[in-house]
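Let's walk through this structure together, one feature at a time. Have a look at it first, and then we can talk.

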Amino acid sequence: MSTFKSDDTGIHRTLQPLYSGYTPNVYTVHEGRKDYACDKCEKKFGLKSNLLAHQKTIHEGRKDYACDKCEKKFGQKSDLTSHQNTVHDGRKDYACDRCEKKFGRRSALIRHHRTIHEGRKDFTCNYCGKKFVNNCNLLSHITTVHQGRKNFTCEKCEKKFGHKPHLLVHQRAVHEGRKDYPCDECEKKFGRKSNLLQHQKVIHEGCKNFACDKCEKKFGQKTNLFSHQITVHKGYNDHVFE
């Protein structure tokens, strides 16, 4: 900070540095500092505004921004804007420079780059060492696999799930009989995306990744390998798979 004397008035004035208003940005972006820690979890932030937004949406559960085209609500205005652009307007403004895929959110493009093209898995489980592409998948893994939590129960049967998306897939495929995933190479349809991918890999691509350790035969699905081992190598046909 410095002072100067005006030639017109003779008054000494204080001159503020041009960069003073950008100090938080310098600290957070260029120095990587995160000086604002949440007192309810271990997450840290570079800006106080981001900390307050985190506490409001994550720990208080507030969703103050409602979409005027549907009933969905959001904790941050930026999420509402992104939702409207991608879901209702169908915009995908972020294109990958390595493939033809486009995304509605910049964060999705960055995640795509890291996981698909760079193969990064930066989040490691402290219990088993398994690595994940994002913190959300890691936390989900810990709660369901290591803590055994299944907090999502089907209201039409007694089956429980560790992930809400798995519950929704179960309800659509089993109780509603929906098959929303058609194969683009044949007329077959599937209730689960995982079943479609497995079908394409085994039937259309001819992948057989499951080899019998007692003979040279290979199979496209693990269940077929088990069936082969029980009926051929153990010599009986009455078996039940859970």
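Q: Which residue forms a salt bridge with Asp180?

A: The general idea is that side chains of opposite charge can pair when their charged atoms come close. In this predicted model, the partner of Asp180 is Arg178, with the closest N and O atoms 2.7 Å apart.

Q: Is Asp180 buried, exposed or partly exposed?

A: Asp180 counts as partly exposed, because its relative accessible area is 39%. Its partner Arg178 is also described as partly exposed, because its relative accessibility is 37%. The labels come from cut-offs: under 20% means buried, over 50% means exposed, and partly exposed lies in between.

Q: How many salt bridges does a search of the whole structure find?

A: The search finds 9 of them. One joins the side chains of Arg62 and Asp64, at 2.8 Å from N to O. Another links Arg120 with Glu118, where the closest N and O atoms are 3.5 Å apart.

Q: How accessible are the residues in those two pairs, Arg62 with Asp64 and Arg120 with Glu118?

A: Let's take them in turn. Arg62 has 39% relative accessibility, so it is partly exposed. Asp64, with a relative accessible area of 43%, is partly exposed too. In the other pair, Arg120 has a value of 34% and is therefore partly exposed, while Glu118 is partly exposed at 42%.

Q: Which residues are linked with Arg62 in a network of salt bridges?

A: A network appears when salt bridges link several residues. Here Glu60, Arg62 and Asp64 are linked in this way.

Q: Which residues form the positive surface patch?

A: For a patch, look for charges of one sign gathered at the surface. The positive patch in this model is formed by Lys63, Lys72, Arg105, Arg111 and Lys164. Let's follow one of them: Arg111 lies in helix 4, which covers residues 106–117. Arg111 is partly exposed because its relative accessible area is 42%. A patch residue needs over 30% relative accessible area, so that value clears the cut-off.

Q: Is His113 in helix 4 buried or exposed?

A: His113 shares helix 4 with Arg111, but they fall into separate classes. His113 counts as buried because its relative accessibility is 16%, and the cut-off for that label is under 20%.

Q: What is His113 in contact with, leaving aside its neighbours within four places in sequence?

A: To read contacts, set the sequence neighbours aside and see what remains. For His113, the list is Cys96, Asp97, Arg98 and Glu118. The C-alpha atoms of His113 and Cys96 are separated by 7.6 Å, although these residues are 17 apart along the chain. Glu118 you have met already, as the salt-bridge partner of Arg120.

Q: Where is Leu109 found, and what is it in contact with beyond its neighbours within four places in sequence?

A: Leu109 is found in helix 4 as well. It is buried because its relative accessible area is 12%. Its contacts, with those neighbours set aside, are Tyr94, Ala95, Cys96 and Phe103. Cys96 therefore turns up in the contact lists of both Leu109 and His113, where contact means heavy atoms within 4.5 Å. From C-alpha to C-alpha, Leu109 and Ala95 are 7.3 Å apart, with their positions 14 residues apart in sequence.

Q: Is Ile203 in helix 7 buried or exposed?

A: Ile203 sits in helix 7, residues 193–204, and counts as exposed because its relative accessibility is 56%. Its C-alpha atom is 8.2 Å from that of Gly220, a residue 17 places away in sequence.

Q: How many helices and strands does the protein have?

A: Stepping back to the whole chain, there are 8 helices and 16 strands. Of the 242 residues, 20% are buried. The protein exposes about 18800 Å², and carbon and sulfur atoms supply 47% of that area. Finally, take the contacts between residues at least 6 apart in sequence: 0% of them join residues at least 24 apart.

Terms used. Residues are numbered from 1 along each chain as its sequence is written. This is a predicted model: local features need pLDDT of at least 70, side-chain atom pairs count only at pLDDT 80 or more; totals for chains, interfaces and linings use all residues. Side-chain values use heavy atoms; hydrogens and water are left out. Patches are made of residues with over 30% relative accessible area and no salt bridge: like charges are joined within 9 Å, nonpolar side chains (Val, Leu, Ile, Met, Phe, Trp, Tyr) within 5 Å. Accessible areas come from the Shrake-Rupley method with a 1.4 Å probe; for residues, only the protein chains shown count as cover. A salt bridge is a side-chain nitrogen of Lys or Arg within 4 Å of a carboxyl oxygen of Asp or Glu. Lys and Arg count as positive and Asp and Glu as negative; His and the chain ends are not counted. The place of a charge is taken as NZ of Lys, CZ of Arg, CG of Asp or CD of Glu. Helices (H or I, at least four residues) and strands (E, at least two) are DSSP runs, numbered from the N terminus. Buried means under 20% relative accessible area, exposed over 50%, partly exposed in between (1.4 Å probe, protein chains only).
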